[in-house]
Amino acid sequence: MTILDRRALGPGRRAVDWNPTPVGNGAGCRLVPLPKIADPRGNLTFLEGRSQVPFDVARVYWLYDVPGGESRGGHAHRELEQVIIAVAGSFDVVVDDGAETARFHLNRSYTGLYLPRLTWRELGNFSSGSVCLVMASLPYSEDDYYRDYDGFLAARAAEAAG
Ligand code: TYD
């Protein structure tokens, strides 16, 4: 289901607005500058858990060969933290913490985007040949997903209520 399909479902069912007006501080997400070893032979960037990112990296995965116009994501995680990097090309990440949304355009292989737990995210506007690299704090578990936006909002509300 594309973002436009979700939006057509109505306000109670849709995910974040694909092009929201950024509000506040990035919905709890932040850009993470990574080291860049500039070299005439080609540049090098690295990432070490607990140094450049605030967690031990338990899993790495990457998205590639994304067809034009496609979107990924459309979910939140109960416990998982992530850092997303456009190691090639560019794409947009729209994040939502239940109270505010923000849109990040990632197009540098030396800049990551940190997403804390309980962040709804959608990725889109992938450029041709782009590669989205994701560092994750936990192994894959479907139980960690909120794939229903209303369920995510309820979890956020429950957490805020203590
Ligand atoms: P999903 O996280 O929904 O993809 P995206 O958010 O990029 O749209 O995962 C898509 C499928 O891949 C789903 O069936 C779960 C599986 N998957 C794994 O098996 N291991 C993983 O580490 C990830 C990220 C996904």
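Which residues are linked with Arg 117 in a network of salt bridges? The answer is Glu 79 and Glu 159. Before I go through that network, a reminder that this is a predicted model.

Let me take the Arg 117 pair in detail. The side chains of Arg 117 and Glu 159 form a salt bridge, with 2.6 Å from N to O. Glu 159 belongs to helix 2, residues 149–161, while Arg 117 sits in the loop between strand 9 (111–115) and strand 10, so this pair ties together parts that are 42 residues apart in sequence. Both ends are partly exposed: Glu 159 has a relative accessible area of 42%, and Arg 117 has 27%.

The count of salt bridges comes to six. I will mention two others. Glu 142 pairs with Arg 147, where the closest N and O atoms are 2.6 Å apart. Glu 142 is partly exposed at 37% relative accessible area, and Arg 147 is partly exposed at 47%. Then there is Asp 39 with Arg 41, at 2.8 Å between the closest N and O atoms. Here Asp 39 is partly exposed at 22%, whereas Arg 41, at 78%, counts as exposed.

Now the sheet. Five strands make an open sheet, in the order 8-7-10-5-12, with antiparallel pairing. Strand 8 (101–106) and strand 12 (145–146) are at the edges; each has a single partner strand, so one side of each has no neighbour in the sheet. Inside that order, strand 5, residues 72–77, and strand 10, residues 120–124, run antiparallel and are joined by three bridges. One bridge partnership is Gly 73 with Glu 122 in strand 10.

Strand 5 also holds His 77. Is His 77 buried or exposed? Its relative accessibility is 2%, and the cut-off for buried is under 20%, so His 77 counts as buried. The His 77 side chain makes a polar contact of 3.0 Å with the side chain of Asp 144. Leaving out residues up to four places away in sequence, His 77 touches eight residues that I will list: Gln 82, Arg 117, Leu 118, Thr 119, Arg 121, Asp 144, Tyr 145 and Tyr 146. Arg 117, from the salt-bridge network, is thus among the contacts of His 77.

Last, the surface. Val 57, Val 60, Trp 62 and Tyr 64 form a nonpolar patch there, and together they have about 400 Å² of accessible area. Of these, Trp 62 lies in strand 4, residues 59–63.

Note on methods:
Residues numbered from 1 in each chain as written. Predicted model: local features only at pLDDT ≥ 70, side-chain atom pairs only at ≥ 80, totals over all residues. Heavy atoms only, no water. Pairing = 2+ DSSP bridges. Helix = DSSP H or I, 4+ residues; strand = E, 2+ residues; numbered from the N terminus. Buried < 20%, exposed > 50% of the residue type's maximum accessible area, 1.4 Å probe, protein only. Polar contact = N/O pair within 3.5 Å; in protein donor to acceptor, adjacent residues only side chain to side chain. Contact = heavy atoms within 4.5 Å. Patch = residues over 30% accessible without salt bridge, like charges linked within 9 Å, V, L, I, M, F, W, Y side chains within 5 Å. Areas by Shrake-Rupley, 256 points an atom, 1.4 Å probe, with all protein chains shown as cover. Salt bridge = Lys/Arg side-chain N within 4 Å of Asp/Glu carboxyl O.
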